[in-house]
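Please open the structure in the viewer and keep the selection tool at hand. The stops below move from charged pairs to a metal site and then to aromatic rings.

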Amino acid sequence: MFSQALLLLAAALPLISGAPAPNPSTVQRAPDGTAASPRTTHTVVAGRPGLRFDPENIVAEVGSIVEFHFLPLNHSVVEASFGSPCQPKDAASFFSGFFPVPRNADGSASQSAEVFQIEVKDDKPIWFYCAQNTGRHCQSGMVGVVNQRFDSGNTLEVFRGNAAKVQGASGVQAVVQGGWRGANPNPLGGF
Ligand SMILES: [Cu+2]
């Protein structure tokens with residue numbers, strides 16, 4: 001009875017405070033699995049429209065989560081440095097792995113049953129790309145940034161332009177790392 005009352009209270013709190021109700025499936029799942037306090041989740045869709053991330057220029061507060069959703073056919077996300085667009089920034093850079101997703105037979109939207117989340121740990125820009133080499137996604141412009149410095153010449157368009165000049169293949173990490181890969185909280189969400 002007591003716990004039931006607590007649950008009701010917890011459910012009512014966002015209404016009382018005027019804050020939007022958190023989505024429990026995303027709020028409590030930080031990459032380290034320990035976060036208890038509500039966090040903002042920024043959703044990014046890989047593959048909408050075509051070889052792009054949407055949105056691709058994300059402003060996210062420190063402590064928030066960026067959650068990547070994956071559309072057909074087989075995308076990924078890897079952290080790069082600004083100066084080297086289609087390669088992992090370093091040995092610790094995040095890598096989501098690949099997300100093969102078939103197109104629905106009827107042409108309707110489909111997305112991966114899994115997502116990849118990263119935590120925004122500081123206010124430095126986080127440059128990223130898709131490492132799919134079939135179709136050369138990074139070189140074709142499938143890149144993005146979290147917290148670009150808008151007073152800097154290091155813009156997303158310069159990063160994309162440099163990616164287009166990369167002759168070789170895109171790099172990946174040996175393992176999925178630097179984030180949390182798990183069940184998609186909204187696999188039937190229309191994208
Ligand atoms: Cu891709």
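A salt bridge, as the term is used here, is a side-chain nitrogen of Lys or Arg within 4 Å of a carboxyl oxygen of Asp or Glu. Select Asp123 and Arg149 as an example: the closest N and O atoms of this salt bridge are 3.6 Å apart, so the pair falls within the 4 Å limit. Asp123 sits in the loop between β8 (114-119) and β9, Arg149 in the loop between β10 and α3, and the pair links these distant parts of the chain, 26 residues apart. Arg149 counts as partly exposed, because its relative accessibility is 37%.

**Confidence before going further**

The model is predicted. Colour the chain by pLDDT: the average is 85, and 79% of the residues score at least 70. Next select residues 1-28, where pLDDT stays under 50 and the model has 14 contacts beyond four places in sequence.

**Further salt bridges**

How many salt bridges does the structure hold? The structure holds nine salt bridges. Select Glu56 and Arg160, whose closest N and O atoms are 2.6 Å apart in their salt bridge. Glu56 belongs to the loop between β2 (53-54) and β3 (57-58), whereas Arg160 belongs to helix α3 (residues 156-164), so the pair ties together parts that are 104 residues apart in sequence. With a relative accessibility of 11%, Arg160 counts as buried. Extend the selection to Arg52 and Glu157: Arg52, Glu56, Glu157 and Arg160 are linked in a network of salt bridges.

Move on to Lys89 and Glu79, a salt bridge with its closest N and O atoms 3.8 Å apart. Lys89 is in the loop between β6 (78-80) and β7 (99-100) and Glu79 in strand β6, so placed that the pair links distant parts of the chain, 10 residues apart. Are these two residues buried or partly exposed? Lys89 counts as partly exposed at 43% relative accessibility, while Glu79 counts as buried at 14%.

**The copper site**

Select the copper ion and display its protein donors, which are His75 (ND1), Cys130 (SG), His137 (ND1) and Met142 (SD), at 2.0 to 2.6 Å from the ion. Why is the arrangement tetrahedral? The four donor atoms subtend angles of 91 to 130° around the copper ion, which makes the arrangement tetrahedral; the criterion is that all angles lie between 85 and 135 degrees. As a reference, the ideal angle for four tetrahedral donors is 109.5 degrees.

Along the sequence the donor residues follow the spacing H-x54-C-x6-H-x4-M. Cys130 and Met142 are both in the loop between β9 (126-129) and β10 (143-146), 12 residues apart. Cys130 counts as buried, because its relative accessibility is 0%, and Met142 counts as buried at 0% relative accessibility.

**Aromatic pairs**

Now display the aromatic side chains; a search of the whole structure finds nine aromatic pairs. Select Phe53 and Phe128: their ring centres are 4.9 Å apart and their planes stand at 85°, so the pair is edge-to-face. Phe53 is in strand β2 and Phe128 in strand β9, so the pair ties together parts that are 75 residues apart in sequence. Phe53, at 2% relative accessibility, counts as buried, and Phe128 is buried with a relative accessible area of 0%.

The next pair is Trp127 and Phe159, which is tilted, with 4.8 Å centre to centre and 40° between the planes. Trp127 lies in strand β9 and Phe159 in helix α3, so this pair ties together parts that are 32 residues apart in sequence. Both Trp127 and Phe159 are buried. Before leaving the rings, add Phe68 to the selection of Phe53 and Phe128: ring pairs link Phe53, Phe68 and Phe128 into a cluster.

**A glycine in a loop**

For the final stop, select Gly63, found in the loop between β3 and β4 (65-70). Which residues does Gly63 touch, not counting those up to four places away in sequence? Gly63 touches Arg39 and Val120. The C-alpha atoms of Gly63 and Arg39 are separated by 6.9 Å, although the two residues are 24 residues apart along the chain. Gly63 is partly exposed, with a relative accessible area of 24%.

Definitions and conventions:
Residues are numbered from 1 along each chain as its sequence is written. This is a predicted model: local features need pLDDT of at least 70, side-chain atom pairs count only at pLDDT 80 or more; totals for chains, interfaces and linings use all residues. Side-chain values use heavy atoms; hydrogens and water are left out. Donors are N, O and S atoms within 2.8 Å of the metal (3.2 Å for Na, K and Ca); water is not among the atoms, so sites may look incomplete. Four donors count as tetrahedral if all angles lie between 85 and 135 degrees; four count as square planar and six as octahedral if opposite donors are over 155 degrees apart and all others between 65 and 115; anything else is irregular. Helices (H or I, at least four residues) and strands (E, at least two) are DSSP runs, numbered from the N terminus. Buried means under 20% relative accessible area, exposed over 50%, partly exposed in between (1.4 Å probe, protein chains only). pLDDT is the predictor's confidence in each residue, from 0 to 100. Contact means heavy atoms within 4.5 Å. Rings of Phe, Tyr and Trp (its six-membered ring) pair if their centres lie within 6.5 Å; planes under 30 degrees apart count as stacked, over 60 as edge-to-face and the rest as tilted.
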